[in-house]
Amino acid sequence: MAEIRLENVSKSFGSAKIIEHLNLTIQDGSFTVLLGPSGCGKTTLLRMIAGIGPATSGKIYMDGEDISDVPPGKRNVAMVFQNYAIYPTMSVRENIEFCLKNNKVPKKERTERVERVAETVGLKEYLGRRPSELSGGQRQRVALARAMVKEPAVFLMDEPLSNLDAKLRVSMRTEISKLHREMGATTIYVTHDQVEAMTMADRIVIMKEGVIQQVGKPMELYDHPVNKFVAGFIGSPQMNFFDVTLKGNEVTFEDGNKLMLPEAILKKLNGKEGEMTLGIRGEDLKMDAQNLELYKENKMKAVITDTEVMGNENNLYFQFGGCQAVARVSKYEISQVGDEIEFVFMPSKIHFFDKETEMNYL
């Protein structure tokens, strides 16, 4: 296990600046996910930690030791790639023990470590097979086993599940999380899939254009996003955003609908007024009788334009506030296209974002 600390790290390719002056500490033994859209710099950051693509400037520390100029093979890290990167002409056993052979680990110890790791990832009966004889999930387990057998201080995983089908991704998420708990090694995991991040991470580092937007536990980012980008990137379906004008305790939407804010929210807004963006998640638009009665002074109406039946829940789409909105409701709250619905905003779940900076006021 190891703590990773990046101080004022930058990475450029020619005149293109990918990451600038980034600072981040990854806690010893944590499962940290680097999350963001394609091109945000998360894989570049992972490769700098691995030493594959050295930082242009800044320092990288492992347990307080500067490893900025240490070669990849001596950093005590192991990397699992998106495309498995296993050797097709070697057996599963040969793939797993390859790095041990290169490091001249004695044969008896090699055998013991390979067998132990193969047992852990469920590959013991496949040690004699070639990769072509394995499923996609089994090949990814070979890549995991090859990293694990090195017994590194840090695991680096670059979108390791993106080539698997949906069912396998779910089962492999569970397996990787279980392995992390058993081994306790520091794990840094790159993905653009917010579901993977939410279900696997101890902490999420969400990035945009090479800049860290927010670092925190999954539910911290979900419930308390620092800006509109984080609010929109975390959660499915995406948070609803409405252009509104606030005056006093009255919110006016673009289509003329009005919402009266309670004193608790006004206190947090600290006198802010004018044009801003209101955000609220689909599950916080309520249609049940209890909430409709509780917040009846702010009851809204709309007509369903589309539905998504998800099995355990339904997504209902409708025009409101000058844009398309979505409510996430239970499977028992069934509405059809063309139905008129009544709904209320849960006041405690409303966010307000600055129109220019997009920072969260609350």
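Axes here are lines fitted to C-alpha atoms, for helices over the stretch in contact, and angles run from 0 to 180 degrees between N-to-C directions. With that in hand, the predicted model can be toured, starting from a pair of its helices. The axes of helix H2 (residues 92-102) and helix H4 approach to within 7 Å and cross at roughly 30°. Since angles under 35 degrees count as roughly parallel, H2 and H4 are therefore roughly parallel to each other. Their crossing is right-handed. On the H2 side, the contact is made by Val92, Asn95, Ile96 and Cys99, which meet Val142, Ala145 and Arg146 of H4. Sorted by class, this contact of H2 with H4 holds five nonpolar residues, one polar residue and one charged residue. A general point helps in reading such lists: an α-helix has 3.6 residues a turn, so residues three or four places apart point the same way.

Helix H4 also has a second helical partner. The axes of H4 and helix H5 (residues 166-183) come within 11 Å, with a crossing of roughly 20°. That angle makes H4 roughly parallel to H5. The crossing of H4 and H5 is right-handed. From H4, the residues taking part are Gly136, Gly137, Gln140, Arg141, Leu144 and Met148; from H5, they are Leu168, Met172, Glu175, Ile176, Leu179 and Met183. By class, the contact of H4 with H5 has seven nonpolar, three polar and two charged residues.

The next element to meet is a sheet. Six strands form an open sheet in the order S6-S7-S8-S3-S9-S10, and their pairing is mixed. At its edges lie strand S6 (77-80) and strand S10 (211-216), each of which pairs on one side only. On average, neighbouring strands of this sheet are turned by 15° against each other, direction ignored. As a general matter, strands of a sheet pair through backbone hydrogen bonds, either parallel or antiparallel. Strand S7 (residues 154-158) and strand S8 (residues 186-191) run parallel and are joined by five bridges. Within this pair, leucine 156 stands opposite isoleucine 188 of S8. Helix H4 (residues 136-148) packs on the sheet, where it touches S6 and S7, and its direction makes about 175° with that of S6.

Another helix, H1 (residues 42-50), is mostly covered, with seven of its nine residues buried. The buried residues of H1 are Lys42, Thr44, Leu45, Leu46, Met48, Ile49 and Ala50. Glycine 51, just after H1, takes a positive phi of about 90°.

Some backbone features deserve a closer look. In general, most residues other than glycine have a negative phi, and most peptide bonds are trans. Asparagine 76 has a phi near 60°, a positive value in a residue other than glycine. This asparagine 76 is found in the loop between strand S5 (65-66) and S6, and with a relative accessible area of 39% asparagine 76 is partly exposed. Glutamate 151 is not a glycine either, yet has a positive phi of about 50°. The loop between H4 and S7 is the place of glutamate 151, and at 45% relative accessibility glutamate 151 counts as partly exposed. Farther along the chain, the peptide bond from serine 236 to proline 237 is cis, with omega near 0°. Proline 237 lies in the loop between helix H8 (228-233) and strand S11 (240-247).

Proline 237 appears again among the contacts of asparagine 315, a residue of strand S17 (residues 313-320). Asparagine 315 is buried, with a relative accessible area of 3%. Leaving aside residues up to four places away in sequence, asparagine 315 touches Pro237, Asp306, Thr307, Glu308, Met310, Val326, Ala327 and Arg328.

Methionine 62 rounds off the tour, and its place is in strand S4 (residues 57-62). With a relative accessible area of 10%, methionine 62 is buried. Again leaving aside residues up to four places away in sequence, methionine 62 touches Ala2, Glu3, Ile4, Ile67, Arg75, Asn76, Val77 and Val154. Asn76 in this list is the residue with the positive phi near 60°. The C-alpha atoms of methionine 62 and valine 337 are separated by 56 Å, and these two residues are 275 residues apart along the chain.

Definitions and conventions: Residues are numbered from 1 along each chain as its sequence is written. This is a predicted model: local features need pLDDT of at least 70, side-chain atom pairs count only at pLDDT 80 or more; totals for chains, interfaces and linings use all residues. Side-chain values use heavy atoms; hydrogens and water are left out. Two strands pair if DSSP finds at least two bridges between them. Helices (H or I, at least four residues) and strands (E, at least two) are DSSP runs, numbered from the N terminus. Contact means heavy atoms within 4.5 Å. Buried means under 20% relative accessible area, exposed over 50%, partly exposed in between (1.4 Å probe, protein chains only). Angles under 35 degrees count as roughly parallel, over 145 as roughly antiparallel, 65 to 115 as roughly perpendicular and the rest as oblique. A crossing is left-handed if the near helix is turned anticlockwise from the far one by less than a right angle, and right-handed if clockwise. Ala, Val, Leu, Ile, Met, Phe, Trp, Tyr, Cys and Pro count as nonpolar, Asp, Glu, Lys and Arg as charged, and the others, Gly among them, as polar.
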